[in-house]
Amino acid sequence: MTARALLVAEAGVAAGLGHLARCTALACALREQGFEVEALGLGATEATELDGVRWEPYRPGRAAAGPTPAILVLDTYDRAAWTEVAALRHGRLVAFEDALPTTSAADVVIAPQGTSGAGGRVLAGLRFACLRKPFWGIEPRLVREQASRVLVTTGGGDLGGLASRIATGLRERLPALSLELVWGPG
């Protein structure tokens, strides 16, 4: 019998694509390891597909159906949703460090930026960054001694106008830089 992995991630319009992108990358990697993957989007009103992974809208009854998943991946900042989904039957609970409600909330924590005291098993460092499948196997790029272009993006929410403040600070300190600013609908 094939092991089942259930991934539940933020997928509402205001959430942007960050949660879906990193969980889709993880779903693709799990498939390559032989897992049967089911992906459910919190806040989604309709199904969507990303890199061959079909994300269905999250419904509590649907998420609880079927065999117990060996792995439950949970990616949300919403504490009520976290509590609801984490209460589902599951084997190991996997979460991203920035979305943990408490440091010991997950069995396995993915922390590409390092760790700040998360409990359980921590997969720390950039080698654990969940990049979408189109980025797998890309040749390393030559890094120049001095930057000439910078892309500034802070995710779908851009809380407090952070992206704009970063771009303004860069423009003031390094006026010769070519800057591109991207922010989400939130």
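**A surface patch and a buried helix**

On the surface of this predicted model, Leu 131, Phe 135, Trp 136 and Ile 138 form a nonpolar patch with about 420 Å² of accessible area together. Such a patch joins nonpolar side chains (Val, Leu, Ile, Met, Phe, Trp, Tyr) within 5 Å, from residues with over 30% relative accessible area and no salt bridge, that is, no side-chain nitrogen of Lys or Arg within 4 Å of a carboxyl oxygen of Asp or Glu; the areas come from the Shrake-Rupley method with a 1.4 Å probe, and for residues only the protein chains shown count as cover. Phe 135 lies in the loop between β8 (121-124) and β9 (149-153), where helices (H or I, at least four residues) and strands (E, at least two) are DSSP runs numbered from the N terminus.

Helix α1 (residues 18-32) presents another picture, since 11 of its 15 residues are buried, so that the rest of the structure largely encloses α1; buried means under 20% relative accessible area, exposed over 50%, and partly exposed in between (1.4 Å probe, protein chains only). Among the buried residues of α1 are His 19, Arg 22 and Leu 26. After α1 comes Gly 34, whose phi is positive, near 95°.

Residues are numbered from 1 along each chain as its sequence is written. Local features need pLDDT of at least 70 and side-chain atom pairs count only at pLDDT 80 or more, while totals for chains, interfaces and linings use all residues, and side-chain values use heavy atoms, with hydrogens and water left out.

Trp 55, leaving aside neighbours within four places in sequence, is in contact (heavy atoms within 4.5 Å) with residues including Leu 7, Leu 20 and Cys 23.

Note on methods:
Patch = residues over 30% accessible without salt bridge, like charges linked within 9 Å, V, L, I, M, F, W, Y side chains within 5 Å.
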